[in-house]
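Please open the structure in your viewer and keep the selection panel at hand. The tour below proposes selections in turn and describes what each one shows.

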Amino acid sequence: MAKLLVTFAVVFLALAATSLAGDPDMLQDVCVADYKSLQGPLRLNGFPCKRLENVTANDFFFDGLMNAGNTGNAVGSVVTAANVEKLPGLNTMGVSMSRIDYAPWGLNPPHTHPRATEIIFVVEGSLDVGFITTANKLFTRTVCKGEVFVFPRGLVHFQKNNGNTPAFAIAAFNSQLPGTQSIADTLFGAAPPLPSDTLARAFQIDGGMVEFIKSKFPPKY
């Protein structure tokens, strides 16, 4: 009986680990996202499939990563995503990519991807990168052209161009839609806004400073 229970526990944990590893496995060859379904009253975890007779090769094609993005913003970086919202053929495939462009000394600010592990490949330049564990331990190093670095799923991480020339990297994810939460935007640009006294107490600063920081992050909605 004890051996049976141990076997059951091992199988259960193996199945649970598989279900948490990334997006759910697909149940057919392709399931091209039907964006028109968003106009209806129903919502799914993902997108419904187009009828196969309506699928074309263009559903699996995206040319949005070929050109550098505009880094003329406050942080000096821009992310161009190739996820299921841009490339419908990715639906149920459990993968996506992004191009990240950095101005000289540009920063991709601390953020998380709640649904995916990220791996980056530096194409040009060199980056100072790092992630922070739930025990608040920082793992950081410099990653140069041709090198790769991994950011574990859900952990806060960042990249910074450490040179005076532009840089760019390609990122890959084990999710069709990894999601991104920028720490500063999330806390100071939420809609409706987080109470200022909550943020003041959390960061141990005064309310006036909180309002000043909030003014830098206008809500997007």
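**The whole chain**

Begin with the entire chain, coloured by secondary structure: 4 helices and 10 strands are present. This is a predicted model. Following the chain from the N terminus, one passes the elements in the order α-β-β-β-β-β-β-β-β-β-β-α-α-α. The chain has 221 residues, of which 31% count as buried. Among contacts with a separation of 6 or more, 68% link residues 24 or more positions apart.

**Confidence**

Next, colour the chain by pLDDT. The mean is 88, and 85% of the residues reach 70 or more. Now select residues 3-20, where the pLDDT is below 50. Beyond near neighbours in sequence, this stretch makes 1 contact in the model. Where pLDDT is low, the predicted coordinates should not be read in detail.

**The largest nonpolar core**

Select Y102, I120, L127, V129, F149 and F151; within the largest nonpolar core, of 16 residues, these touch the most other members. Then display the elements that each give two or more residues to this core: strand 2 (96-102), strand 4 (118-124), strand 5 (126-132), strand 7 (148-151) and strand 9 (167-173). Strand 9 gives the most, with 4 residues.

Apart from this core lies another, of 5 residues. To find the latter, select F47, V84, L87 and L90, which are among its members.

**A closer look at V129**

Finally, centre the view on V129. Which residues does V129 touch, not counting those up to four places away in sequence? They are I120, F139, T140, R141, V143, F149, F151, F158 and Q159.

Definitions and conventions. Residues numbered from 1 in each chain as written. Predicted model: local features only at pLDDT ≥ 70, side-chain atom pairs only at ≥ 80, totals over all residues. Heavy atoms only, no water. Core = buried A, V, L, I, M, F, W, Y, C linked by side-chain atoms within 4.5 Å. Buried < 20%, exposed > 50% of the residue type's maximum accessible area, 1.4 Å probe, protein only. Contact = heavy atoms within 4.5 Å. pLDDT = per-residue confidence, 0-100.
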